[in-house]
Amino acid sequence: MNKQINILGIESSCDETAASVVQNGTNILSNVVATQIESHKRFGGVVPEIASRHHVEQITIVIEEALKQAKLTWDDIDAIAVTEGPGLVGSLIVGISAAKALAFAKHKQLIGVHHIAGHIYANRLQEEFEFPLLSLIVSGGHTELVYMKEHGKYERIGQTRDDAAGEAYDKIARMLDLPYPGGPQIDQLASTGEDEYRLPRAWLEEDSYDFSFSGLKSAVINLIHNKQQRGEEVNAANVAASFQASVIDVLTEKTYKAAEEYGVKQVIVAGGVAANKGLRQSLQEKFNDTNISLHFPPLSLCTDNAAMIGAAGFIAYQEGRRSGMDLNANPSLELY
């Protein structure tokens with residue numbers, strides 16, 4: 001490639017306002033994230049209206065900072081990639097409106113990007129893909145297994161039928177009076193406890209790669225309530241360890257089974273829960289003696305960021321996919 005292709009990525013699907021410049025799909029020139037954790041912490045979760053207002057306040061600032069850190073001007077930017085969906089509709093609209101305004105004013109090409117595609121391509125910022133591959137996406141809103149034969153082509157072979165794993169983590173964390181966000185808190189607490197309660201594992205049908213965590217969530221809530229009603233002390237560390245063991249067992253076994261059946265060369269893990277130490281250890285142990293390579297993004301790229309949107313946007317740019325000025329937020333956007 002003779003010319004360097006610089007993609008400005010914009011991400012605002014939930015509670016992170018982010019902008020990044022990615023060169024040739026793999027080289028991060030800047031990656032700026034304005035987090036809203038402190039604003040939502042007192043509510044125990046993301047409040048959509050508050051998230052949208054913060055995006056409006058931060059979006060221009062993070063974009064300008066991304067260009068500044070990349071040491072580039074608008075003349076150096078080839079296209080603007082922005083999260084089109086899924087996500088919170090109010091949050092998505094802010095990022096998309098900014099991207100469309102800038103594309104129009106600066107005469108840049110516009111590319112709508114699927115949020116999950118972004119999480120998948122966060123891994124390519126670390127190491128090149130080997131096809132065919134399998135991606136396990138685990139986050140607050142998604143738990144999916146996606147098979148890929150080539151760049152930009154996705155086949156979802158499994159998904160959650162109810163709660164996403166990250167959502168279940170946050171709900172159990174609230175039951176244990178742990179601060180938001182609950183995922184890292186449960187992971188840390190679980191490392192000090194034991195799998196005392198042997199909570200249920202939802203395997204579903206024998207040939208299914210789908211997931212279900214609502215039953216597990218209910219089992220934990222019932223366990224805690226029953227102990228409280230009997231006046232017994234709740235061992236929070238053991239509850240966390242038992243809950244995490246159940247989640248990780250199912251994620252690990254289904255991922256391994258799918259990787260074997262589909263004959264993949266590579267398994268990549270994506271999404272906020274990819275930062276979970278227990279999950280990383282379990283998957284590493286499972287794939288250690290196989291010919292399948294296992295990859296995790298660096299911790300800074302597990303949670304929502306714009307570098308991943310720039311990386312996925314570069315693939316769309318190469319394939320000639322563009323969006324028009326009618327691009328709009330699609331909170332239920334399907335991965336294609």
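This is a short chat about reading a sheet and a helix pair in a predicted model.

Reader: Let's start with the sheet. What holds strands together in general?

Author: Strands of a sheet pair through backbone hydrogen bonds, and the pairing can be parallel or antiparallel. Here you have an open sheet of 5 strands, ordered β3-β2-β1-β4-β5, with mixed pairing.

Reader: Which strands stand at the edges?

Author: Those are β3 (27–35) and β5 (109–114). Each has a single partner strand, so one side of each is left without a neighbour in the sheet. From one strand to the next, the twist averages 20°.

Reader: How many bridges join β2 to β3?

Author: There are 8 bridges between strand β2 (residues 16–23) and β3, and the two run antiparallel. To get your bearings, find V21, which stands opposite S30 in β3.

Reader: Which helices pack on the sheet?

Author: Helix α2 (residues 48–70) is one of them, touching β1 (6–11), β2 and β3, with its direction at about 25° to that of β2. Helix α10 (residues 307–319) packs there too; α10 touches β1, β2, β3, β4 (79–85) and β5, and its direction makes about 115° with that of β5.

Reader: Now the helix pair. How are α6 and α8 oriented to each other?

Author: Angles from 65 to 115 degrees count as roughly perpendicular. The axes of α6 (residues 182–190) and α8 (residues 236–262) cross at roughly 105° and come within 8 Å, so the two helices are roughly perpendicular to each other.

Reader: Which residues make that contact?

Author: From α6, I186, D187, L189 and A190; from α8, A236, A237, A240, A241, F243 and Q244. By class, that's 8 nonpolar, 1 polar and 1 charged residues.

Methods. Residues numbered from 1 in each chain as written. Predicted model: local features only at pLDDT ≥ 70, side-chain atom pairs only at ≥ 80, totals over all residues. Heavy atoms only, no water. Axes fitted to C-alpha atoms, helices over the stretch in contact; angles between N-to-C directions. Helix = DSSP H or I, 4+ residues; strand = E, 2+ residues; numbered from the N terminus. Parallel < 35°, antiparallel > 145°, perpendicular 65-115°, else oblique. Contact = heavy atoms within 4.5 Å. Nonpolar A, V, L, I, M, F, W, Y, C, P; charged D, E, K, R; others polar. Pairing = 2+ DSSP bridges.
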